[in-house]
Amino acid sequence: MKKQQNGNEKDNVPKGKRGRGPAKPFPSMELEEVLVLSKHIVDAGVNGSMKRQRVMEDLNLSPNSQKARDLVTNSSKYGLTSGGYNAEYLKITDETKYAFVSQSDEHFKSVWFSFAIAKFESFSNLYDEIKERSLPKSTVLQDELEKLGIPNKDSLRTVQIFIANLKYLNLIKDNIVTPIEQDDEAPTNDSMQKPTSENPSDVVRPVTSSPLTYPNGEITVKEPSVHIDIQIHIDSSATPEQIDRIFANMAQHLYAQKG
C-alpha cells in the first residue's frame, strides 16, 4: 500500500534544501550602509583582504547573523568586495581599491556613481529618465521600476535605496536630479593629495566647502579655497626618462622643490 503524501509537497523537503529563489538584480541595502564593510577591510586588512569572521567581530556582528549575511551579499552585489557569506576571507575588488586611491582626472563622485547607480540596469535606466528634472514621487518611481521588471513587492524598497544613493552622492539639489557629468560641485583629482603609499587607507580624501560625507566615512570641511588646475598631455612616444624630467621640472617650478 502506498503511503499517502501530504498535499503540500514542499513540506517534505528537508530543511536547508529549499530554494530561496533567484538572486535579485538590485541591492537590498543602501550604499552608505554597505560601505562600512569595504572601508574596514581597507583600514584594517592586509593587501585588501581580511578574514570574514574577524571583520564581523570588529563590526560587532555575529558572523552567521542575517545582518552579517546581508552586508556581505550586498557588498558583493555593489561590486565592493568579493567572497560570499560563507567565505573564509573577504577581499576588496580592484575597482574598490581604485575608487579609494583614484588619481584619475574624472570627478570623484563619478567613481562612486559607478557603484551606486550605474552598476544596476534598473537604477541606471531610471536615473537617465529623471536626471535634470524634479524628483518624482515615490509612487511614480515605483511604476517606472515595474516597467523595468522590478516586482511590485520590491519596488518601494528599491525606490528608497535608489533615492538614498542619489542623496549620498549629493545628486539631488533643490529636488532636482543632477546629471553626474555636470556636477561641478564634485571635487576633482587636483584637490586630492597623492598617496604616499599603495595602501588605500593612507589616502587623504578631497576637501569640499560643503558638509558632504564621502564614501570613506570621513568628513572634511573648511572654508572655500581657490584651486588652479593644470593639465599635461604627454605624447605616447615619450620615453620614461622624458616623462621623469617633465615631472621633475614641475616639482621644481611649481612646488619650489629641487628634483
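This report describes the fold, the burial of residues, the side-chain pairings and some local features of a predicted protein model.

## Overall architecture

The protein contains nine helices and five strands. Along the sequence, these elements follow the order α-β-α-α-β-β-α-α-α-α-α-β-β-α. The pattern therefore begins with a helix and ends with a helix, as the notation α-β-α-α-β-β-α-α-α-α-α-β-β-α shows.

The chain has 259 residues, of which 35% count as buried. The accessible surface of the protein comes to about 16,500 Å², and carbon and sulfur atoms supply 48% of that area. Contacts also show how the chain is brought together: when residues at least 6 apart in sequence are considered, 59% of their contacts join residues at least 24 apart.

## A buried serine in helix 3

Ser 75 belongs to helix 3, which covers residues 66-77. Is this residue buried or exposed? Its relative accessible area is 0%, and Ser 75 is therefore classed as buried, a class that applies under 20%.

The surroundings of Ser 75 can be listed by name. When neighbours within four places in sequence are set aside, Ser 75 is in contact with Val 34, Leu 37, Leu 80 and Thr 81.

## Aromatic side chains

The whole structure holds five aromatic pairs. One of them joins Phe 120 and Phe 123 in an edge-to-face arrangement, with 5.5 Å from centre to centre and 65° between the planes. The name of this arrangement follows from the angle, because planes over 60 degrees apart count as edge-to-face.

Both Phe 120 and Phe 123 are buried. These two residues also belong to a wider group: together with Tyr 78 and Phe 162, they form one aromatic cluster.

## Salt bridges

Side chains of opposite charge can pair when their charged atoms come close. In this model, a search of the whole structure finds eight salt bridges. One of them is formed by the side chains of Glu 30 and Arg 157, with a distance of 3.9 Å from N to O. Why does this pair tie together separate parts of the chain? Glu 30 lies in the segment before helix 1 (31-44), whereas Arg 157 lies in helix 8 (residues 152-168), so the pair links parts that are 127 residues apart in sequence. Glu 30 is partly exposed at 21% relative accessibility, and Arg 157 is likewise partly exposed, at 33%.

Another salt bridge joins the side chains of Asp 128 and Lys 131, at 3.8 Å from N to O. Asp 128 has a relative accessible area of 43% and is partly exposed; Lys 131 is also partly exposed, at 22%. A further salt bridge is found between Asp 154 and Lys 153, where the closest N and O atoms are 3.3 Å apart. Asp 154 is buried, with a relative accessible area of 11%, while Lys 153 is exposed, at 67% relative accessibility. In addition, salt bridges that share partners connect Glu 30, Glu 33 and Arg 157 into one network.

## A nonpolar patch on the surface

Which residues form a nonpolar patch on the surface? They are Ile 234, Ile 246 and Phe 247, which together have about 230 Å² of accessible area.

Ile 246 lies in helix 9, which spans residues 240-254. The relative accessible area of Ile 246 is 31%, and this residue is partly exposed. That value qualifies Ile 246 for a patch on grounds of area, because patches are made of residues with over 30% relative accessible area.

## Two asparagines with positive phi

Asn 47 has a positive phi of about 55°, although this residue is not a glycine. Where is Asn 47 found? Its position is the loop between helix 1 and strand 1 (49-51). Asn 47 is exposed, with 73% relative accessibility.

Asn 175 also has a positive phi, of about 65°, and is not a glycine. This residue is located in the loop between strand 4 (172-173) and strand 5 (176-177). With a relative accessible area of 42%, Asn 175 is partly exposed.

Methods: Residues numbered from 1 in each chain as written. Predicted model: local features only at pLDDT ≥ 70, side-chain atom pairs only at ≥ 80, totals over all residues. Heavy atoms only, no water. Patch = residues over 30% accessible without salt bridge, like charges linked within 9 Å, V, L, I, M, F, W, Y side chains within 5 Å. Areas by Shrake-Rupley, 256 points an atom, 1.4 Å probe, with all protein chains shown as cover. Salt bridge = Lys/Arg side-chain N within 4 Å of Asp/Glu carboxyl O. Helix = DSSP H or I, 4+ residues; strand = E, 2+ residues; numbered from the N terminus. Buried < 20%, exposed > 50% of the residue type's maximum accessible area, 1.4 Å probe, protein only. Contact = heavy atoms within 4.5 Å. Phe/Tyr/Trp six-rings, centres within 6.5 Å; stacked < 30°, edge-to-face > 60°.
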